[in-house]
Amino acid sequence: MAVFTGCGKAPQMEFDSAEEAIEALNTAENIEIYADLYSKKKKTEIVADGKVAGYLQGDTVYIDGEEWFSIDYVTDEPINEDGSTTYGYYDADGNCLGYAQERYLDTMDGERDSFLVFLDTDGEMDYCSSKGGTILFDWDGSPVGKGYMGVDGLGFFRQVYTNIYRTTFYTDPEARLTVDFMDRMAMFKKLQSDYRMIDREPA
């Protein structure tokens, strides 16, 4: 797999069509998101089960060179009344595609804890993650996946001379859970913002 680090040249999609790439991002067992945490200009690869499916630039995901969606904070919509930190997913025309929001939920042991819940535009929820984006749960509360951000798996040049990190998401195939990639991006944002997960100084 080719690796690109510059902000000018975009990683090349390794699927036959944008539709196949999006399908892979929504169904892959393993997702990798590469990102420079200190620059929004670089174009870095997004990988689904070992094949480049698109790239990330800033907070926008591109498939086959075309904008698919962007993720941004939501601060002034009715949904803000239902929880705290809220992300919205928006297409290139600014249409909302869904949300991720921190909410307190009842746990299986009778306690209440903060989770990141994923909602479509009608407010329907199928699964959630831990607040920090490290564990994915189905709606029965069973862990079915995990997320991690670090420098593991990066080449020597990237580890030493860049601020690029690799975020990996794994979903248990036996869970038979389809996870919208947009929700992966919300988990990525939580991992990115949690500086306790970052183990080095900027290059």
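Student: Why does Phe156 count as exposed?
Tutor: The model is predicted, and every value here is computed from it. Phe156 has a relative accessibility of 64%. The cut-off for exposed is over 50%. Phe156 passes that cut-off, so it counts as exposed.

Student: How do you know whether Tyr161 is buried or exposed?
Tutor: Use the cut-off again. Tyr161 comes out at 54% relative accessibility. Exposed means over 50%, so Tyr161 counts as exposed.

Student: Why is Phe157 called partly exposed?
Tutor: Its relative accessibility is 48%. Buried would need under 20%, and exposed would need over 50%. The value for Phe157 falls in between, so the label is partly exposed.

Student: How many aromatic pairs does a search of the whole structure find?
Tutor: The search finds 10.

Student: What makes the pair of Phe156 and Tyr161 edge-to-face?
Tutor: Check distance, then angle. The ring centres are 6.4 Å apart, and a pair needs them within 6.5 Å. The planes stand at 80°, and over 60 degrees counts as edge-to-face. Both tests are met, so Phe156 and Tyr161 form an edge-to-face pair.

Student: Why is the pair of Phe157 and Tyr161 called tilted?
Tutor: The centres of these rings lie 5.4 Å apart, with the planes at 40°. Stacked needs under 30 degrees and edge-to-face needs over 60. The angle between Phe157 and Tyr161 meets neither condition, so the pair is tilted.

Student: How far apart are Phe157 and Tyr161 in helix H2?
Tutor: They are 4 residues apart in H2, which covers residues 156–161. That puts about one helical turn between Phe157 and Tyr161.

Student: Which residues do ring pairs link into a cluster?
Tutor: Trp68, Phe69, Tyr89 and Phe181 are linked in this way.

Student: How do you know where the charged end of Lys51 sits?
Tutor: It sits over the ring of Phe15, 4.4 Å from the ring centre. The distance limit is 6 Å, and the charge must also be within 35 degrees of the ring normal.

Student: Which residues have the most contacts inside the largest nonpolar core?
Tutor: They are Leu25, Ile33, Val61, Phe118, Phe181 and Met185. The core holds 44 residues. Helix H3, residues 181–193, gives the most to this core, with 7 residues. Another core, of 10 residues, lies apart from it and includes Val74 and Tyr99.

Student: Why does Tyr62 count as buried?
Tutor: Tyr62 belongs to strand E4, residues 60–63. Its relative accessibility is 17%. Buried means under 20%, so Tyr62 counts as buried. The C-alpha atoms of Tyr62 and Ala18 are 9.6 Å apart, with their positions 44 residues apart along the chain.

Student: What makes Val144 buried?
Tutor: Val144 is found in strand E11, residues 143–150. Its relative accessibility is 7%, under the 20% cut-off, so it counts as buried. Val144 and Arg158 are 14 residues apart along the chain, and 30 Å separates their C-alpha atoms.

Student: How do you know whether Asp49 is buried, partly exposed or exposed?
Tutor: Its relative accessible area is 46%. That value lies between the 20% and 50% cut-offs, so Asp49 is partly exposed. Asp49 sits in the loop between strand E2 (43–48) and strand E3 (51–57). Its phi is near 45°, a positive value in a residue other than glycine. Asp64 also has a positive phi, of about 55°, and is not a glycine. Asp64 lies in the loop between E4 and strand E5 (66–73).

Student: What lines the largest pocket?
Tutor: The lining includes Leu105, Met108, Phe115, Cys128 and Trp139. By class, the lining has 6 nonpolar, 2 polar and 3 charged residues. Strands E7 (96–106) and E10 (135–138) each give two or more residues to it. The volume of this pocket is about 230 Å³.

Student: Which residues lie nearest the centre of the second largest pocket?
Tutor: Phe118, Leu119, Asp120, Tyr127 and Asp183 do, out of 13 lining residues. The space in this pocket is about 180 Å³. Its lining divides into 7 nonpolar, 1 polar and 5 charged residues. Strand E9 provides the largest share, 3 residues.

Key: Residues are numbered from 1 along each chain as its sequence is written. This is a predicted model: local features need pLDDT of at least 70, side-chain atom pairs count only at pLDDT 80 or more; totals for chains, interfaces and linings use all residues. Side-chain values use heavy atoms; hydrogens and water are left out. A nonpolar core is a set of buried Ala, Val, Leu, Ile, Met, Phe, Trp, Tyr and Cys residues joined through side-chain atoms within 4.5 Å. Buried means under 20% relative accessible area, exposed over 50%, partly exposed in between (1.4 Å probe, protein chains only). Rings of Phe, Tyr and Trp (its six-membered ring) pair if their centres lie within 6.5 Å; planes under 30 degrees apart count as stacked, over 60 as edge-to-face and the rest as tilted. On a 1 Å grid over the protein atoms alone, a cavity is a set of points where a 1.4 Å probe fits but cannot get out, and a pocket is an open set with protein on both sides within 12 Å along at least five of seven lines; lining residues have an atom within 4 Å of a point. Grid points are joined across faces, edges and corners, and a volume is the space filled by probe spheres set on the points. Ala, Val, Leu, Ile, Met, Phe, Trp, Tyr, Cys and Pro count as nonpolar, Asp, Glu, Lys and Arg as charged, and the others, Gly among them, as polar.
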